[in-house]
Amino acid sequence: MVLTDQVASVSGADGADLMSSRCKDLALRLAKFPRVALGHLPTPLEPMDRLSEILGGPRFWIKRDDCTGLSSGGNKTRKLEYLMADAQNQRADTIITQGATQSNHARQTAAAAAKLGMACNILLEDRTGSNDVSYNMSGNVLLDRLHGATVSKRGGGADMNAEMEILAQTLRKQGRRPYIIPGGGSNEIGALGYVNCARELVEQASDMGLKVDALIHATGSSGTQAGLVAGLAAIESDIHLLGIGVRAPQEKQEQMVYDLAVKTLTYLGSAAEVARSDVRANCNYVGAGYGVPTEGMVEALKLLAETEGLLFDPVYSGKGLDGLIDLTRKGHFEGMDNVVFLHTGGSAALFGYPDTFELPGYVTN
Ligand SMILES: *Cc1c(COP(=O)(O)O)cnc(C)c1O
């Protein structure tokens, strides 16, 4: 099924008209790609007034991609709309993908496969070496299995792409038609979901009479940021985009995002160009490594839970928030009025990390 999002028409200043017509052009370009409806879109854009009050500085907003639907939501839904449509076009009957033990991508892929009547094989890489039962069996792992996926584990550092290929060969010999989705759904097909998100956000903000100065989010396998970079470039938006890294060092992360953004624009058939300097990642909030909790993440996550009633995850969005809060305190957003944090989801992973948060005891009487 091919979907075309409704394009809002913005009247008013010439600049707004121009932006509106660029968004419309981008929507038409995107409509040429097969897409299956999985998400609850557009996601809300809401103010975080209590956080803004606590931090001072700009007004903070949250783009609720934790509310995309599909097994408790998250950023993989938008990518899977394009990836699963491609799988259907190739008449696949089985999806193969991979991720870390508490992969949100794996959980959302399992749900998408279930909804579309496909089998799903998930390979989980043990990146943290944790023996914790909750980490290994609860949270996203519980949900993967609840959605009927076949889950198998691989050691940390395994060549997961090679492992997926080996599995695909085996399945082909059994007469199946496997389709491999890369880790995080991050290729030029999946990134289209975030090209569309960039368009959606700009139109939504315009409808609300809001001028967005900066957009911040957690960046990992790079498809989210690459899609946003490509989408913002296609509509010539000057929103300051910043990814907060959760794994790789800055240079590597930025190069990954840049390469995929360029690839995505080519795939899209857009003549827009991305400057390497427009790709920014701050990787100072990773801590000891991917999936390993940090003090800043714990504090940020608790602060937002207690002041905004919002849930984040320890691996991605919690570290992203830590970056948002710390950078605000360091003056990174000085002179800006409206800063949007893209909530990429992941709260299901909280149940894989039950002992990470030292919480006050119950009151028993
Ligand atoms: C996958 C994920 C990200 C990172 O997105 P990438 O496209 O892989 O960079 C951020 N937050 C959450 C909750 C995720 O699951």
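Biologist: How do the residues of the shell around the ligand divide into nonpolar, polar and charged?

Modeller: Two are nonpolar, twelve polar and three charged. Here Ala, Val, Leu, Ile, Met, Phe, Trp, Tyr, Cys and Pro count as nonpolar, Asp, Glu, Lys and Arg as charged, and the others, Gly among them, as polar. Mind you, this is a predicted model, where local features need pLDDT of at least 70 and side-chain atom pairs 80 or more, while totals for chains, interfaces and linings use all residues. Residues are numbered from 1 along each chain as its sequence is written, and side-chain values use heavy atoms, without hydrogens and water.

Biologist: Which residues come nearest to the ligand?

Modeller: A residue is near if one of its heavy atoms lies within 4 Å. Of the 17 around this ligand, Lys76, Lys79, Ser221, Thr224 and Thr344 come nearest.

Biologist: Which side chain puts an N or O atom 2.7 Å from a ligand oxygen?

Modeller: Look for polar contacts, pairs of N or O atoms within 3.5 Å. Thr224 does it with its side chain, and Gly220 also reaches 2.7 Å, with a backbone N or O atom. For a polar side-chain atom of Lys79, the distance to a ligand oxygen is 2.6 Å.

Biologist: What is the order of the strands in the open sheet?

Modeller: Strands are DSSP runs of E, at least two residues long, and two of them pair if DSSP finds at least two bridges between them. The six strands run E1-E2-E10-E7-E8-E9, with mixed pairing. E1 (45–47) and E9 (281–282) are the edges, each with a single partner strand, so one side of each has no neighbour in the sheet. E8 (residues 240–245) and E9 run parallel, joined by two bridges; in one of them, Ile244 partners Asn282 of E9.

Definitions and conventions:
Polar contact = N/O pair within 3.5 Å; in protein donor to acceptor, adjacent residues only side chain to side chain. Helix = DSSP H or I, 4+ residues; strand = E, 2+ residues; numbered from the N terminus.
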